[in-house]
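I opened the notebook again today to look a few things up, chain by chain. Here is what I wrote down, in the order I went.

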Amino acid sequence: MSDKPPLLEIRNLKKYFEQNSGLLDMLLRREPNHVQAVDDVSLTLEENESIAVIGESGCGKTTLLLTLIGLHEMTGGDIIYKGRPVSEFTSAEWKRYRRNVQVVFQDPFNSLDPKMTIEETLQEPLKIHGIGDRKERVRNVLEHVELNPPEKYLRRKPRNLSGGEKQRVSIARALILEPDIILADEPVSMLDVSTQAAVLRKMKDLIEDFGVSMIYISHDLSTVSYISDVVNVMYLGRIVETAPTDRILAEPKHPYTEALVSAVPIPDPNHDRERTRMSGAPRDPVDLGDGCRFRDRCPSVIPPDTIEIEQEAYREIMEFRELLERDEIAFERVMNTLSGSFSDDRKMADAIREDYFTHELTGENNAVLKEALLAFVNEKPEVATERLRKRFESVCETSPRTVEDEDGWRVACHHYDHGVTEMQIDQPETAQSD
Amino acid sequence: MTEPLLEVDDLTVQYETESGMITAVSDASFVINEGEFFGLAGESGCGKSTTAKSIIGGLDSNGQITSGKIRYRGTEIQDYTEKQLNEELRWKEIAWIPQSAMNSLDPLQTISEQAVEIGTVHTDLSKAELREKLKEMFSIVGLQESRINDYPHQFSGGMQQRAVIALALFLEPSLIIADEPTTALDVIMQDQIFKHLDEIKAKLDTSLLLITHDISVIFESCETVAIMHASQVAEYGTVNAVYDNPRHPYAFMFKAAFPDVREPDRELEVIEGYPPQLGEEIGFCSFVDRCPWATEECRESAPELEAVADDDPIHVASCFRKEEAYELYQSERPTTESQDGIAAMTNEDD
Amino acid sequence: MLNDRTTAFYFTILMFIVFLGIFGPMLAPYDVLTTHYDDNGNIMRAEPPSLAHPLGTTHAGYDVLSRVLVGAQPTVLTGLIGGGMILTIGTTIGITAGYVGGRTETVLMRFTDFVYGVPLIPFAIVLITFMGVGFLSSIVVIGLILWRGAARVIRAQTMQVKQYPFVKVAKATGASTPRIIVKHILPNVAPMAIFFLAMGVGYAIVLQAGLTFLGVADPFVPSWGVMIRNAFDSGYMASAPWWSITPGLLIGITVLSTFMFGRGYEDLISEDGASAEAETVTA
């Protein structure tokens with residue numbers, strides 16, 4: 001193993017997009033916003049292995065895939081294919097890479113050119129790479145994806161195929177070049193359940209029969225569990241947890257993975273699953289800055305060990321600080337609920353507190369929040385920010401390292417990162433990795 | 001229980017197309033009681049959306065109810081005019097949550113403006129009262145009350161869906177009809193929304209007609225379920241009855257086609273073939289070509305929905321071999337026996 | 001939807017019009033510039049159809065039928081050249097801008113916007129001073145201006161097709177840009193291109209007639225457009241409908257047939273799969 005490099009290695013891959021800046025931004029010489037779609041992602045794909053990348057929509061998983069097939073340029077990091085970095089590829093190497101890495105997209109209805117027959121569609125990759133025996137190869141691959149007899153399908157156009165048949169053709173097209181790697185982007189999510197199972201099963205067989213490796217991208221843990229050995233959980237551009245599928249389902253470590261696993265519906269009325277504790281949605285991946293990406297929704301953010309505070313109350317303060325730092329406190333809106341009296345600072349501060357906070361605070365915590373709100377209504381938001389930061393700053397506001405245990409289980413969460421902090425006393429059952 | 005909230009009785013809906021009449025729903029019957037969540041499951045094209053649309057007069061212009069009755073609180077509503085539906089039922093009594101929230105909100109009006117517009121048409125409440133009600137509903141679905149004055153584009157996709165749910169609920173309808181309300185959402189957001197629906201049921205005794213292809217959501221959230229195949233109800237009953245004691249091959253194969261995170265290694269069921277073309281009348285079991293246990297009898301005539309057991313009056317299935325099909329199925333699947341066995345055993349324990 | 005039969009029908013009409021374009025002058029019963037007189041020696045001004053003049057006469061006493069037959073040739077040429085230019089320039093610019101994007105797109109689309117701002121008639125007058133008055137140059141002028149609408153729409157379509165996964169797959173498999181354009185983009189924008197060809201044919205015929213009467217084209221080539229224009233200018237449009245109706249109908253039929261045949265042909269080449277499906281359903 002050690003002398004042979006992995007099939008595909010992704011090292012600290014970054015893909016940022018510059019958000020379209022308007023004319024006004026240009027005139028004011030504002031820095032363009034950066035969408036951090038993929039931020040520092042590292043993965044390894046071994047031969048004949050199937051790994052999954054899962055996450056909610058907008059987490060950057062599709063961008064990752066498009067970057068991997070060379071449709072986006074990397075912003076940073078590298079992709080190493082059989083020991084050769086993609087950034088140093090010659091055009092011959094690119095050609096080889098494009099032949100050996102194939103993709104299956106989610107949408108069966110737009111994945112095939114409506115103007116081409118199935119035969120033309122399947123011959124196209126062979127023509128591009130100058131491969132002969134085309135008729136024979138097309139027949140064979142159609143048989144492999146169980147479109148039998150092939151003659152029945154060759155002359156058809158995609159619109160005369162069902163969704164499942166279309167997706168089989170997409171898989172056939174990916175297979176016909178006999179690739180090493182197939183990248184699949186939710187290939188069954190738009191299919192009916194009766195066909196979904198058949199296509200999933202087919203893909204599973206193909207991995208085994210053809211010795212293909214696969215990166216399977218999805219938001220659906222239940223299908224992922226069926227097809228992949230290892231799961232990478234992605235949240236806002238970063239991989240937060242990597243572990244073998246069965247283990248991650250049984251004992252997720254990262255709070256986000258835990259939320260994801262616990263939200264999957266169980267098809268069994270006798271099973272009593274608790275509904276998710278999460279609220280809200282992931283924020284936009286624009287200029288995210290430092291810190292754990294999940295901290296604004298995390299049900300177990302870590303408060304500084306110098307203070308004593310309830311988790312729920314602490315979360316509110318975290319959220320408020322976040323808004324404060326982004327200058328997004330809806331001051332005017334809150335003031336509109338107040339009839340008249342704009343002179344009374346205390347009243348204004350109370351109004352804001354009522355709008356943004358539901359939990360009671362006590363002692364020093366309460367005093368600090370009061371002070372900060374007064375500073376805020378006195379138009380000194382820097383003072384408010386600083387005051388709150390000093391008392392309530394969490395270790396989660398620094399980016400967690402990825403720690404790995406003996407089994408290759410990798411987590412990026414401060415609850416598991418002993419080197420940085422000693423604060424995981426609250427989480428007794430989770431202190432495992434070191 | 002007293003009178004059921006909604007009764008659908010032998011409903012048949014047909015569409016007129018260029019190639020003749022198409023029967024989209026054929027003799028469908030089910031009952032929704034107050035405070036009950038009812039799930040309607042099936043593949044695309046099985047007639048589940050058409051069934052729901054026919055209840056609130058939402059059929060396309062070429063579609064019509066050709067026979068059967070729909071009773072809402074005992075009153076027949078299948079022949080209601082647009083005017084009657086608007087004045088007596090829509091929003092106030094029966095609310096509709098469409099698949100795509102983005103298309104059902106007016107981008108040029110704030111949510112509260114849209115709510116006031118709906119409210120003044122359908123109730124006698126004042127603007128202030130309507131806004132108060134909307135605020136209340138916003139907090140139930142987990143949106144900030146002050147955001148009722150926002151425009152739809154100020155919300156994210158998941159928030160828009162929740163805003164639509166709040167709009168559907170704020171006049172406190174007795175029945176919500178939701179057509180794949182969470183299919184476009186991620187699992188966490190889906191779970192958040194069902195959490196809210198659970199809360200609303202607990203608080204307001206609201207009923208739900210949930211249309212989805214995702215049977216796991218139904219098994220989790222509903223009390224009763226109907227599984228449709230090729231325009232017909234294949235099996236209908238409480239979720240527990242249909243799960244523990246399924247009778248129609250389509251029902252248990254459909255169920256087994258779903259992956260379950262608890263059993264990542266289980267072989268998924270594949271239902272081969274396609275339902276028959278929906279024509280005038282089908283004189284045989286519509287599942288016969290896909291059914292591994294079909295016999296000659298199944299081709300000669302169409303099975304009727306019949307009670308499965310004497311002690312459970314609502315559990316019905318339309319299969320000639322409903323007595324033995326599930327046993328045959330279980331005995332033929334050695335690969336999954338261990339897991340199914342464990343599941344069955346734990347079920348018995350419950 | 002269109003089927004084989006209707007497509008064949010429109011094809012026959014198109015062939016008939018092309019046939020008129022080639023053999024029309026030979027079939028004409030009279031010379032187009034012969035003024036006809038009645039028995040009393042009066043000029044037959046705008047006479048209604050009769051046995052000798054089945055489509056009537058014009059206000060100058062010319063035979064309408066002969067003019068229609070002779071006029072077919074310039075009309076067909078106008079349509080083919082004008083429509084062809086609109087199609088070629090519009091599609092080339094539209095697809096290039098839409099597919100390549102970036103700076104190329106900006107330049108091409110600003111140029112298109114510029115052409116949108118160019119008024120047709122003054123431009124024609126200026127251009128004709130360089131190219132000389134003539135039948136052909138009047139058509140070229142039309143072609144050089146009217147591609148602008150096609151370019152815009154085809155660019156938009158290209159951008160849409162470009163987003164489809166099948167184009168991404170082709171790119172990821174290593175297909176070159178020209179290959180993607182020829183294999184995937186062109187076939188998918190073809191319906192729109194055919195629409196613009198049909199419209200272009202009609203526009204070119206009608207506009208060319210308009211230019212003729214500004215003196216920037218040759219008025220002695222009696223195309224159908226020119227006939228309608230003549231009828232209108234003579235003031236006999238209402239009182240002698242037979243003069244303008246036939247050429248008007250023929251222009252309409254030409255445009256319609258081009259369009260319908262194009263659409264039908266599209267369907268026809270997609271048809272093979274549908275019949276295959278019918279087989280499986282019965283199987």
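**Chain B, domains and overall build**

I began with the domain assignment of chain B, which gives domain 1 as 1–93 + 174–192 + 205–350 and domain 2 as 104–172. How many residues does each domain bring to the contact between them? I found 10 residues from domain 1 of chain B and 11 residues from domain 2 of chain B. The C-alpha centres of these two domains of chain B are separated by 31 Å. A reminder to myself: this is a predicted model.

Next I asked for the secondary structure and got 13 helices and 12 strands in chain B. I then looked at the dimensions, and the C-alpha atoms of chain B fill a box of roughly 65 × 45 × 40 Å along the principal axes. Does the radius of gyration of chain B agree or disagree with a compact globule? It agrees, because 350 residues would give a radius near 20 Å for a compact globule and chain B has 21 Å.

I also noted how chain B is packed. Of its 350 residues, 55% are buried. Among contacts with a separation of 6 or more in chain B, 66% come from residues 24 or more positions apart. The exposed area of chain B is about 14900 Å², and carbon and sulfur atoms supply 47% of that.

Then I counted charges: chain B carries 26 positive and 65 negative side chains. The centres of those two sets in chain B lie 6 Å apart.

**Chain B, two close looks**

I picked helix 10 of chain B, residues 249–256, and checked its cover. How many of its eight residues are buried? The count is eight of eight, so I wrote the helix down as mostly covered, with buried meaning under 20% relative accessible area. The buried list for helix 10 of chain B includes the aromatic-named entries B:Tyr250, B:Phe252 and B:Phe254, and B:Lys255 is on it as well.

My second pick was B:His315, which sits in strand 12 of chain B, residues 312–317. Is B:His315 buried or exposed? It is buried, because its relative accessible area is 2%, and the cut-off for buried is under 20%. Leaving out residues up to four places away in sequence, B:His315 touches ten-odd partners that I copied in part, among them B:Glu235, B:Tyr236, B:Asn245, B:Arg247 and B:Glu306.

**Chain A**

I moved to chain A and read its domain assignment: domain 1 covers 8–228 and domain 2 covers 311–393. The C-alpha centres of those two domains of chain A lie 48 Å apart.

Where is A:Gly280? I placed A:Gly280 in the loop between helix 11 (255–263) and helix 12 (311–325) of chain A. With a relative accessible area of 26%, A:Gly280 is partly exposed. I listed its contacts beyond four places in sequence: A:Arg297 in chain A, and B:Arg162, B:Met189 and B:Gln192 in chain B. I also took one distance, and the C-alpha atoms of A:Gly280 and A:Lys127 are 49 Å apart, with their positions 153 residues apart along the chain.

A:Asp205 was next, and I found it in helix 8 of chain A, residues 193–210. A:Asp205 counts as partly exposed, because its relative accessibility is 28%. From A:Asp205 to A:His144 I got 9.9 Å, C-alpha to C-alpha, for residues 61 apart in sequence.

**Chain C**

Which elements make up chain C? I found nine helices and zero strands, and the pattern along the sequence reads α-α-α-α-α-α-α-α-α. The C-alpha atoms of chain C fill a box of roughly 80 × 60 × 30 Å along the principal axes.

Of the 283 residues of chain C, 47% count as buried. In chain C, 71% of the contacts between residues at least 6 apart in sequence join residues at least 24 apart. Chain C exposes about 13400 Å², with 68% of it supplied by carbon and sulfur atoms. Chain C has 15 positive and 16 negative charges, and their mean positions are 19 Å apart.

My last entry is C:Arg5, in helix 1 of chain C, residues 4–27. C:Arg5 is exposed, with a relative accessible area of 71%. C:Arg5 and C:Gly264 lie 259 residues apart in sequence, yet I got 9.5 Å between their C-alpha atoms.

Terms used. Residues numbered from 1 in each chain as written. Chains lettered and ligands numbered in written order. Predicted model: local features only at pLDDT ≥ 70, side-chain atom pairs only at ≥ 80, totals over all residues. Heavy atoms only, no water. Helix = DSSP H or I, 4+ residues; strand = E, 2+ residues; numbered from the N terminus. Rg over C-alpha atoms; globule rule 2.2 N^0.38 Å. Buried < 20%, exposed > 50% of the residue type's maximum accessible area, 1.4 Å probe, protein only. Contact = heavy atoms within 4.5 Å. Areas by Shrake-Rupley, 256 points an atom, 1.4 Å probe, with all protein chains shown as cover. Lys, Arg positive; Asp, Glu negative; His and termini not counted. Charge placed at Lys NZ, Arg CZ, Asp CG, Glu CD. Domains from an automatic or database assignment.
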